[in-house]
Amino acid sequence: MKIVDATVFVCCPGRNFVTLRIMTEDGVYGLGDATLNGRELAVASYLTDHIVPLLIGRDARRIEDIWQFLYKGAYWRRGPVTMAAIGAVDTALWDILGKALNTPIYQLIGGASREAVMVYGHANGSTADETIAAVKRYVDLGYLAVRAQCAVPGLAATYGVGRGELYYEPAEPGLPPETPWSSERYLAFVPSLFDGLRREFGSALHLLHDVHHRLTPIEAARLGKSLEPHHLFWLEDPTPAEVQESFRTIRRHTTTPIAVGEVFNTIYDCSRLVEEELIDYIRMTVVHSGGISHLRKIAALAELHHVRTGAHGATDLSPVCLAAALHFDLSVHNFGIQEYMRHTDETDRVFPHAYTFERGFMHPGNKPGLGVDLDERLAATFPYQRAYLPINRKLDGTMHSW
Ligand code: KDG
Ligand code: MG
């Protein structure tokens with residue numbers, strides 16, 4: 001089953017996506033998402049210029065060997081660009097194997113461990129009342145878990161507060177916008193937001209919140225402690241995770257469950273957090289973490305330490321990545337929850353897919369492989385548009401994590 005061609009597609013049906021298609025000699029092809037928000041073309045070039053020539057002629061069934069060949073063989077290891085490129089190849093090869101064996105991927109990686117996977121949606125508002133109304137809309141759609149974000153009084157823009165009701169798209173065409181940040185104002189406000197949410201929705205609804213790497217460990221510990229009465233499903237990215245030891249401070253002070261990992265790329269980025277049981281959910285992304293093969297190893301390590309999965313599923317990961325995540329979620333034993341930010345209609349049309357949402361749960365469907373296709377002709381009508389994520393500065397102008 002030799003690989004005869006591999007092509008990279010960059011398109012912008014509402015936002016940019018990079019997609020790898022690997023073709024085999026018998027006409028079976030597989031897709032992999034290679035999107036890295038704001039740095040898309042770097043991965044496209046890594047694939048086209050450096051990986052595609054290495055794939056031609058290889059046996060598409062040797063998924064693990066090709067993974068190791070691309071990881072060890074590059075000499076330069078890890079990093080989001082390398083791991084997104086490897087992740088795209090790995091996903092596409094699983095897609096090919098599933099199609100060749102006429103089986104959905106989840107059946108190849110252990111079979112279903114549950115009937116369907118619980119997902120959470122993103123609710124946001126410019127005021128606490130607007131956020132409450134947005135959460136209500138998700139509840140009405142059947143969601144059992146909702147992430148709640150709100151603009152902070154006195155700050156002109158806040159992470160997670162989108163323009164539409166169901167879509168949140170932070171990347172902006174053109175150069176990166178600058179947004180102001182104050183940890184003091186944020187910390188003073190967030191507990192009251194969750195007081196209001198619990199008053200409105202009672203205790204059964206799963207509520208999540210994303211700090212987006214903005215607090216120091218001790219500030220994050222304070223936030224976690226103040227939110228304990230509202231028993232969040234998780235508090236996400238409370239502090240930047242380059243220093244894994246930081247999470248010891250948070251852990252010492254609060255029982256609020258902690259989720260982290262959307263900017264991680266390999267098992268080494270999370271091994272200490274997992275082994276020391278400093279987190280509760282590992283949120284690594286299929287595409288940025290070397291694909292389904294590597295994510296399964298991470299899940300296996302996490303399983304030993306009571307850490308569950310919560311794969312990143314923002315709109316800047318294409319339907320190809322979401323489908324791969326759903327196959328992974330359905331099969332691993334220690335699945336926790338899946339993020340589900342709906343894509344725009346244009347994106348859904350470019351990537352027709354078999355996955356479904358019903359009453360708060362998703363299923364990848366039973367089509368062979370991933371169950372996602374790429375409408376190449378339609379994709380070509382949405383050319384790449386340069387776009388960046390915003391940057392953050394404190395009120396005095398100091399650069400801060402976004
Ligand atoms: O590209 C950045 C987004 O993926 C990120 O801001 C979304 O934090 C995010 C989330 O939890 O979905
Ligand atoms: Mg996040």
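A pocket, in the sense used here, is an open set of points on a 1 Å grid over the protein atoms alone, with protein on both sides within 12 Å along at least five of seven lines, and its lining residues are those with an atom within 4 Å of a point. The structure to which this term is applied is a predicted model.

In this model, the largest pocket is lined by 40 residues. His213, Glu262, Val263, Leu389 and Trp402 are the lining residues that lie nearest the centre of the largest pocket. The space in this pocket amounts to about 1100 Å³. By class, its lining comprises 18 nonpolar, 12 polar and 10 charged residues. Two strands, β17 (391-394) and β18 (399-400), each contribute at least two residues to the lining of the largest pocket.

The largest pocket is also the space that ligand 1 takes. The shell around ligand 1 consists of 15 residues, and the closest of them are Tyr159, His212, Glu236, Glu262 and Glu339. Glu262 thus appears both among the residues closest to ligand 1 and among those nearest the centre of the largest pocket. In the shell, 7 residues are charged, 4 are polar and 4 are nonpolar.

Individual polar contacts can be followed from the ligand to side chains of the protein. The side chain of asparagine 37 has an N or O atom 2.8 Å from an oxygen atom of ligand 1. For histidine 212, a side-chain N or O atom likewise lies 2.8 Å from an oxygen atom of ligand 1. In the case of arginine 283, the distance between an N or O atom of the side chain and an oxygen atom of ligand 1 is 3.1 Å. On its own, ligand 1 has 330 Å² of accessible area, and the protein covers 94% of this area.

Enclosed spaces form the next part of the description. The model contains 4 cavities of 30 Å³ or more, and the volume of the largest cavity is about 70 Å³. This cavity is lined by 13 residues, with Gln149, Thr158, Tyr159, Tyr186 and Asp210 closest to its centre. Tyr159 is therefore listed both here and among the residues closest to ligand 1.

The lining of the largest cavity draws at least two residues from each of β5 (145-150), α6 (183-201) and β8 (206-210). Helix α6 supplies the largest share, 3 residues. The classes represented in this lining are 7 nonpolar, 4 polar and 2 charged residues.

Notes:
Residues numbered from 1 in each chain as written. Chains lettered and ligands numbered in written order. Predicted model: local features only at pLDDT ≥ 70, side-chain atom pairs only at ≥ 80, totals over all residues. Heavy atoms only, no water. Near = heavy atom within 4 Å. Polar contact = N/O pair within 3.5 Å; in protein donor to acceptor, adjacent residues only side chain to side chain. Areas by Shrake-Rupley, 256 points an atom, 1.4 Å probe, with all protein chains shown as cover. 1 Å grid on protein atoms, 1.4 Å probe; cavity = no way out; pocket = protein on both sides within 12 Å on 5 of 7 lines; lining within 4 Å. Sits in = over half its atoms within 2 Å of the grid points. Nonpolar A, V, L, I, M, F, W, Y, C, P; charged D, E, K, R; others polar. Points joined across faces, edges and corners; volume = space filled by probe spheres on them. Helix = DSSP H or I, 4+ residues; strand = E, 2+ residues; numbered from the N terminus.
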